[in-house]
Amino acid sequence: QVQLVESGGGLVQAGGSLRLSCAASGIISRFIAMVWCRQAPGNQRELVASITSSGSTNYADSVKGRFTISRDNAKKTVYLQMNSLKPEDTAVYYCNIPSTAYWGQGTQVTVSS
């Protein structure tokens, strides 16, 4: 059974940093694509960052230059380093295996002004 578990969220002041982690279990292959998405209250879930099995990355325009997605294949963990956080980054952040129904439970990120 595939499980994704996010951690690392919290409350931070604007300009601060957080590092989110997404640990995957039950996946046979270590080399899979992963994405981070977020959903703010009243908004649709949006793609924040993605990383392919080969390590290529892509970011939403709103986070380019501030967020970095990375992976540790041995640990089956994907990270999202978030710097220069803004109040508009406040949301529940989820990790997902693209084109599957595998989602984590989400971790809350709140950025105060």
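Here are some worked exercises on the structure above, which is a predicted model.

**Exercise 1. Which cysteines form a disulfide, and which parts of the chain does the pair link?**

Solution.
- Step 1: Start with the cut-off, which asks for two cysteine sulfur atoms within 2.5 Å.
- Step 2: Now try C22 and C95. Their sulfur atoms are 2.0 Å apart, and the two form a disulfide.
- Step 3: Find the partners along the chain. C22 is in strand β3 (residues 18-25) and C95 is in strand β9 (residues 91-96), so the link spans distant parts of the chain, 73 residues apart.
- Step 4: Look at the twist. The torsion about the S-S bond of C22 and C95 is about 65°, so this disulfide is right-handed.
- Step 5: Count up. The structure holds one disulfide.

**Exercise 2. Why is the sulfur of C37 not in a bond with the closest cysteine sulfur?**

Solution.
- Step 1: Find the closest cysteine sulfur to that of C37; it sits in C95.
- Step 2: Check the gap. It comes to 9.3 Å, which is too far for a bond.

**Exercise 3. Are C22, C95 and C37 buried or exposed?**

Solution.
- Step 1: Grab the cut-off: buried means under 20% relative accessible area.
- Step 2: C22 has 0%, so C22 is buried.
- Step 3: C95 has 1%, so C95 is buried.
- Step 4: C37 has 8%, so C37 is buried as well.

**Exercise 4. How are the rings of Y94 and W103 arranged, and which residue lies over the face of each?**

Solution.
- Step 1: Count the aromatic pairs; there is one.
- Step 2: Take the distance. Y94 and W103 are 6.3 Å apart, centre to centre, and the limit for a pair is 6.5 Å.
- Step 3: Take the angle. The planes are 85° apart, and the pair is edge-to-face; the cut-off for that label is over 60 degrees.
- Step 4: Now look for a charge. R45 lies over the face of Y94, 3.8 Å from the ring centre. R45 also lies over the face of W103, at 4.5 Å from that ring centre.
- Step 5: Check the burial of the rings. Y94 counts as buried because its relative accessibility is 14%, while W103, at 34%, counts as partly exposed.

**Exercise 5. Which element gives the most to the largest nonpolar core, and which strands is β3 joined to?**

Solution.
- Step 1: Size up the core. The largest nonpolar core has 30 residues, and M34, W36, F67, I69, L80, M82 and Y93 are those with the most contacts inside it.
- Step 2: List elements that give two or more residues; among them are β3, β4 (34-39), β7 (67-72) and β9.
- Step 3: Pick the top giver: β3, with four residues.
- Step 4: Follow β3 sideways. Five bridges join β3 to strand β1 (residues 3-7), and the two run antiparallel; for instance, V5 has A23 as its bridge partner in β3.
- Step 5: Then go to β8. Six bridges join β3 to β8, again antiparallel, and S21 stands opposite Y79 in β8.
- Step 6: Zoom in on M82. Its contacts include L18, L20, F67, Y93 and V109.
- Step 7: Keep the general idea in mind: in soluble globular proteins, nonpolar side chains tend to be buried together.

**Exercise 6. Where is V2 found, and which residues does V2 touch?**

Solution.
- Step 1: Place V2 in the segment before β1.
- Step 2: Check burial. V2 has a relative accessible area of 19%, so V2 is buried.
- Step 3: Look across the chain. The C-alpha atoms of V2 and A24 are separated by 7.2 Å, and the two residues are 22 residues apart along the chain.
- Step 4: Read off the contacts. Not counting residues up to four places away in sequence, V2 touches S25, G26, I27, I97 and Y102.

Notes:
Residues are numbered from 1 along each chain as its sequence is written. This is a predicted model: local features need pLDDT of at least 70, side-chain atom pairs count only at pLDDT 80 or more; totals for chains, interfaces and linings use all residues. Side-chain values use heavy atoms; hydrogens and water are left out. Buried means under 20% relative accessible area, exposed over 50%, partly exposed in between (1.4 Å probe, protein chains only). Rings of Phe, Tyr and Trp (its six-membered ring) pair if their centres lie within 6.5 Å; planes under 30 degrees apart count as stacked, over 60 as edge-to-face and the rest as tilted. A charge sits over a ring if NZ of Lys or CZ of Arg is within 6 Å of the ring centre and within 35 degrees of the ring normal. A nonpolar core is a set of buried Ala, Val, Leu, Ile, Met, Phe, Trp, Tyr and Cys residues joined through side-chain atoms within 4.5 Å. Contact means heavy atoms within 4.5 Å. Two strands pair if DSSP finds at least two bridges between them.
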